[in-house]
Amino acid sequence: MSIFSVYIANEMAFAHSAMIRGINSIYNQAPHVHKAKDIADFLFFVRSWADWVGHHHQWEETLMFPGFEKVIGEAGFLQSNLDQHHAFEPGLKKLLEFATHTKVEDYKPDVLRAIIDDFANGLQGHLKDEIPSLLAMRPYDSAGLLAVYKTCEAAAGKQEKPSLRPTTDNAMLSRATRLLPKSIVSTLKLPKTTFPPRGASPVDQALYLKKCTDDLYAWQRQNRSDHTAFVLHDGPPYANGDLHIGHALNKILKDITNRCQLLKGRRVDYVPGWDCHGLPIELRALELWRQSQPESASHETPPATVVREKARALATETVEKQKKQFKEWGIMADWDNAWKTMDKAFEIQQLEVFQKMVKKGLIYRRHKPVYWSPSTRTALAEAELEYRDDHVSRAAFVKYPLHVPSIHKGLIKRLGGNPTDISVVIWTTLPWTLPANRAIGFCPSIDYVVARSRRHGRLLLAHSRIQEVEEKCEETLTEMVVFKGSDLYSVCYEDSLWSNQPHIRLLLEADHVTGESGSGLAHLAPGHGSDDYRVCLSRKIQPYSPVDDRGCFTTDACPKDPTLLASKSVFTDGNLAVLQNLESTGALLAVHDYVHKYPYDWRSKAPIILRATRQWFANVADIQNAALESLEDVKFTPASGKSRLESFVCNRNEWCISRQRAWGVPIPALYHSKTHEPLLTEGSVDHIISIIAERGMDAWWTDDELDPTWTPPSLRQTSGETVYYRGKDTIDVWFDSGTSWTQMQPDDDRKPVVADVYLEGSDQHRGWFQSSLLTSTACQDGATLEDGKTLAPFKHLVTHGFTLDKAGTKMSKSFGNVISPQQIMDGSLLPILTKKGKDGAQRKIQDSMGIDALRLWAASCDYTKDVVVSPEALKKINIVLAKYRTTFKQLIGLLNYHDPSTASPRLEHLSTNHKIALTHLSSMEETVAAHFERMEYHKAINALNRYVTSDLSAFYFESVKDAAYCGTSVQRAAVQATAYEILGVLQDVLAPITPLLIQEVQHHLPEALRSTPHVSLTSRQIQPRPAEGVSSRQGDLANVELDLPALMDLLKAVQSLQEQARSDKKMGPALQSYIAIVPRDMTGSSKIRKLMLEYADDLDDIFCASAVQLMSPAFTPSSEVEWHYVQEIETVDEKVLVYVFAPQQQKCVRCWRYKAPLNVEEALCERCVDVLQNLKKDRPELFVEGAMDTGGTSAAVVGQR
Ligand SMILES: [Zn+2]
């Protein structure tokens, strides 16, 4: 403690106005106080003092000091609410400025008068006697008193210069300090801690961060090797671009989950991963390569090896960057052993999964329409699509003449004997698919009609669609005959739009055709539509797709005039050319714009097409049931996740797994150089894996095209020469990341590996969750488990929503509304505070929030929905975090002298307010633990915040102030034992959420209370609490728990009456009041009466008043009582009058409770007399004769007893 602190501590107790003056003088005389350490000490003691004053005084008194008034005013502290300590902090800085700069001229009259009195006491000679008359001559205002002060100052200057040491006979010391023996002051136990009121320094933060992440992870791996493992399997982030707030939400939720399990005694196994292959990285690599090329070469496509090298470098760099950021968020993980999908070991394990699927016959190659992105020139999976509702297509009604010879007799009869010159009408939203037309679909059960059109002849369409066709063609049709769709079986039509020779094609029954849209007849292009493909396949009609990988027609599209369509884009000029051809041949009935839902490439945001290509597929249909069954044993948070995942699995029969890109794991297929037939068997994949293990993955691309090594030896021998070349396709990246379950360490090699938790964003139901489930299911052999069951790779599947801005819009780079985690940590989202500097200039100040704020934000979100990030929400987080700091600071302050190894009082010996506190604590701990168990972190935080604000701050801290500061050693021991218990639980509860704060708390705990080095878990985890004492807080609390509702109801009434009295300026602190509880019923059956009698000894503390009395119904405060307030309440089915009234004894000079006898100057209450007497026995040196004599009255009071 510095000299200033001693000075202030002494002054603090009783003479606060003099103390402020003391501060002023200290700062005027001691410039070196500006050293950081001294400022910290100073601030802390001013804080303690403010606390003290708040306990004992009305704030108005402190406002006598002009600087302070301004300070408090600025800090929004005028409401005298001690709960808002955090708001007081900036005020303290201000106080420093004022304390060092306020001039005597600015003092209010009362302050000046106090100083003059001090001078009078300190001076010798004639001036001492003259001062009263000087004062009498001057008016009692600032100017008058200032004149007297100046006279005193001049006189004092001629005398001995005031010394800073309070132990010397110092003229500057206040009257009060000298009047009261120093021994009384030293009996007050003021809270003391080094815990900084604001965040730790950057150096300390870095130290805490390391301790609560890397050190803690290593510690638990080593010390809990035999504990049950908890495995949260990391859904790999994509190794491209900067991390955003969504990443923070995800990783922090995972970390909180891990830390909660750690608290429960599990060993945490958390190995992070990265998803490194795929298009976005490949596209960036291409862009970089093009930038490095001369203009002439920049349009070429570089060899795959160049792309791969650049992509690998990009991914490697990003992984390191992201890892650094993740670590900055306090994520505890096995960072050194993180896996990447581009690691050789990962790739080989992925190929082994692929191989198992090949062995089971689940992988096949097929020529069929797949989602194709012309903008990125590759096949896409369903999971890579984004649907837009506002896509506009140029839709067309087109007619094809019926092929007369194919019309059977029955239909001819129904057509009135004349089957000629009839056309079928089709409607399509994609006219560009017409060159690939292979059939027309109809519905056998609906009615069709032949109707006459003046312009287009006889038209065949669904009866229900006449009106639609009339509207679009802008003419009235005349109905001729109606017949059932079933009459159309085996009827053909002629397509001569694109070839010189007309093609005769079939009308087919198609289950997806209805009478509800278009013309009730569907054009089928099996090369460009899934339904079309399915319907045509049943009639062995092959898919046809005259469109290249850029989405442009090939010369095959229009054989009669190859240049008509070739190289034209199906989205633009190609579609237009098709429509023009339809019009010129008279086939076009009408065109119109049509707005509908349409798939887009999620990366390039450009529309995609369906295009028949030769691709590799995984058969999902065969494993669908097993996959769905495995979900029965999975827990879902939120519960709706189950049906969502199920629907994605159900709606997929096959999975297109080949991609035409270079940056990925190759489909390990070989092709015959002459027939181009693929070779893919369990054995061939096995051989290829062995070569990759030996030569590395890049060799697949760099080795000579016909290098025989890649061909299995058996095939090399039979053919005599190598005729196989390696395929260029790579595996879908969802397959890569989907096999990441291979990275988990199995407990038992014979069983599938299952993670305790998978936790990702809700978009992963169709992405990673699904691909993980499918690959894992595919690799399981029913025989591995006793009951033949399949296991999902996760026991608990948790999904979180997206991050939205305050307007509820999804955050996206393109909207420019993205908030970075860094912005939350550095506080730049909060309003900038403007502060006036010493030079009078306005300065902008940023309120930095730190890692814990980011984490507390994540924990406070109801992540099962989309979450909003706004400055308002963050401001609240900051306030809550400040409240935690204040709470810990108060607890550590109370524990300053505590040694847990010495016996702590047993629970039954604690007074009721402690028991109430422990009941509140148990209830909070139980609630929070239940929420943690269900991973409802925001609910845990809410419960915790309620506890801290009302139970702890408004009740317990208030109720123990007297015992803690002024009480006997027994009373203090009870406070400390309870505070120690509360501190432990609070650390437990907050360790998973704000680990840095907890590490900092550990650092500032008194030596005896600190836990194992390097471990941020609470001491209770590492060193179990003693079973004795209050820590075994069961049993005896049951009674208090029962009585708690009535006690709290009474307290609420008392507090509300005190508030009224305060606003009427009758009283200040709660101690300045007496309380009477008057049950209407005073018979033995009154529960309230019983309660009051049972807790009689503890009522003062519970209600935080100087006296609490149980009175009979006849009670009314006597006329001598200055003031009183009364309220009737009903609790436990009883009516009770609650009185708050003026104290009937005087204020004890030591503890400031109104319990000291009247008519005694400087009186002490009985308890304080006891304390001083005991102290005198233990530490007689504090009772130096001289000091006591000088003090006079206090010694007399002690002696009176
Ligand atoms: Zn007292």
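In which sense do β17 and strand β19 (residues 654-656) pair, and over how many bridges? The pairing is antiparallel and runs over 3 bridges. The model behind this result is predicted. Within this strand pair, N619 has E654 of β19 as its bridge partner.

Strand β17 spans residues 609-619. Of its 11 residues, 9 are buried, and the strand is mostly covered. Strand β5 (residues 363-373) also pairs with β17. That pairing is antiparallel and extends over 10 bridges. Across it, R366 stands opposite Q615 of β17. Strand β17 thus has antiparallel pairings with β5 and with β19.

The loop that precedes β19 in the chain was also examined. N651 is placed there, between α22 (641-650) and β19. N651 is exposed, because its relative accessible area is 67% and the cut-off for exposure is over 50%. N651 and Q624 are 27 residues apart along the chain. Their C-alpha atoms are separated by 9.6 Å.

The chain as a whole contains 41 helices and 34 strands. It has 1201 residues, of which 57% count as buried. Among contacts with a separation of 6 or more, 75% come from residues 24 or more positions apart. The exposed area of the chain is about 51200 Å². Carbon and sulfur atoms supply 50% of that area.

Strand β8 (residues 422-428) was considered next. All 7 of its 7 residues are buried, so β8 is largely enclosed by the rest of the structure. In a regular strand the side chains alternate between the two faces of the sheet. Both faces of β8 are covered. On one side, I422, V424, I426 and T428 are buried. On the other, S423, V425 and W427 are buried as well.

Strand β8 pairs with two strands in opposite senses. With β7 (residues 385-401), the pairing is antiparallel and has 6 bridges. K399 has V425 of β8 as its bridge partner. With β11 (residues 457-462), the pairing is parallel and has 3 bridges. There, I422 is matched with R458 of β11.

A further sheet is open and has 3 strands. Its order is β22-β21-β23, with antiparallel pairing. Strands β22 (678-679) and β23 (724-726) stand at the edges. Each has a single partner strand, so one side of each is left without a neighbour in the sheet. Strand β21 (residues 670-672) pairs with β22 over 2 bridges, in the antiparallel sense. The bridge partner of Y671 is P678, in β22.

Two helical positions were also inspected. N258 is found in helix α13 (residues 245-263). N258 has a relative accessible area of 0% and is buried. Setting aside residues up to four places away in sequence, N258 touches F230, L232, V268, Y270 and M332.

D1043 lies in helix α36 (residues 1037-1063). D1043 counts as buried because its relative accessibility is 17%, and the cut-off for burial is under 20%. Setting aside residues up to four places away in sequence, D1043 touches L1091, E1094 and Y1095. D1043 and V1132 are 89 residues apart in sequence. In space, the two are 9.4 Å apart, C-alpha to C-alpha.

The model also contains a zinc site. The zinc ion is coordinated by the SG atoms of C1148, C1151, C1165 and C1168, at 2.1 to 2.3 Å. The 4 donor atoms subtend angles of 103 to 116° around the ion, which makes the arrangement tetrahedral. Along the chain, the donors follow the spacing C-x2-C-x13-C-x2-C. C1151 lies in the loop between β34 (1134-1141) and α39 (1166-1178), while C1168 is in helix α39, so this pair ties together parts that are 17 residues apart in sequence. Both C1151 and C1168 are buried.

An unreviewed UniProt entry annotates residues 1146-1171 as "domain: Zinc finger FPG/IleRS-type". Over residues 1146-1171, the chain is 23% helix and 0% strand. The end C-alpha atoms of this stretch are 19 Å apart.

Methods: Residues numbered from 1 in each chain as written. Predicted model: local features only at pLDDT ≥ 70, side-chain atom pairs only at ≥ 80, totals over all residues. Heavy atoms only, no water. Donors = N, O, S within 2.8 Å, 3.2 Å for Na, K, Ca; no water. Tetrahedral: all angles 85-135°; square planar, octahedral: opposite > 155°, others 65-115°. Helix = DSSP H or I, 4+ residues; strand = E, 2+ residues; numbered from the N terminus. Buried < 20%, exposed > 50% of the residue type's maximum accessible area, 1.4 Å probe, protein only. UniProt positions renumbered as here; feature names shortened; annotations may be inferred. Pairing = 2+ DSSP bridges. Contact = heavy atoms within 4.5 Å. Areas by Shrake-Rupley, 256 points an atom, 1.4 Å probe, with all protein chains shown as cover.
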